[in-house]
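Student: I would like to take a close look at a single part of this model, and then see how that part fits with the rest.

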Amino acid sequence: MLSVIACLFAGVIAGHFLRDWRPVRHIGRLISLAIFLLLFLLGLSVGGNEAILSNLSTIGVTGVVISLASTMGSVLASWWVYVRFFRKDEA
């Protein structure tokens, strides 16, 4: 884990010093391509795993419940922060 954090900070430092270098401005596209490739490879891995495929209905329902609960929690927390700190009083 320490090596992952060290790589992240090394990238931040390199990005700071290389921010005016022209090729660095196009790294966003490369990152998107890398993410799509990783998602495809993850799909290949899941598709090849018989245990995951046989339990997909159970895993899917649990995933949907967790996703909905997380989204609702984020929406409620955002609403509370907006009302508490950012809404202008209309009095």
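Student: How many residues does helix H1 have, and how far does helix H1 reach from its first C-alpha to its last?

Tutor: In this predicted model, helix H1 covers residues 2-17, which makes 16 residues, and the distance from its first C-alpha to its last is 23 Å, close to the 22 Å expected at 1.5 Å a residue. Of those 16 residues the number buried is 0, so helix H1 lies largely in the open; buried here means under 20% relative accessible area. The rest of the chain gives the setting for this, since 0% of the 91 residues of the protein count as buried.

The protein has 4 helices and 0 strands, and read along the sequence it follows the pattern α-α-α-α. Its radius of gyration is 21 Å, well over the 12 Å that the globule rule gives for 91 residues, so the protein is more spread out than a compact globule. The C-alpha trace spans about 60 × 45 × 25 Å along its principal axes, and the accessible surface comes to about 8500 Å², with 72% of it belonging to carbon and sulfur atoms.

On that surface, Ile27, Leu30, Ile31, Leu33, Ile35, Phe36, Leu39 and Leu42 make a nonpolar patch of about 820 Å². One of these residues, Ile35, is found in helix H2, which runs over residues 27-48, and Ile35 counts as partly exposed because its relative accessibility is 44%, a value that falls between the 20% limit for buried and the 50% limit for exposed.

Methods: Residues are numbered from 1 along each chain as its sequence is written. This is a predicted model: local features need pLDDT of at least 70, side-chain atom pairs count only at pLDDT 80 or more; totals for chains, interfaces and linings use all residues. Side-chain values use heavy atoms; hydrogens and water are left out. Patches are made of residues with over 30% relative accessible area and no salt bridge: like charges are joined within 9 Å, nonpolar side chains (Val, Leu, Ile, Met, Phe, Trp, Tyr) within 5 Å. Accessible areas come from the Shrake-Rupley method with a 1.4 Å probe; for residues, only the protein chains shown count as cover. A salt bridge is a side-chain nitrogen of Lys or Arg within 4 Å of a carboxyl oxygen of Asp or Glu. Helices (H or I, at least four residues) and strands (E, at least two) are DSSP runs, numbered from the N terminus. Buried means under 20% relative accessible area, exposed over 50%, partly exposed in between (1.4 Å probe, protein chains only). The expected span of a helix is 1.5 Å times one less than its number of residues. The radius of gyration is taken over C-alpha atoms; the globule rule is 2.2 Å times the number of residues to the power 0.38.
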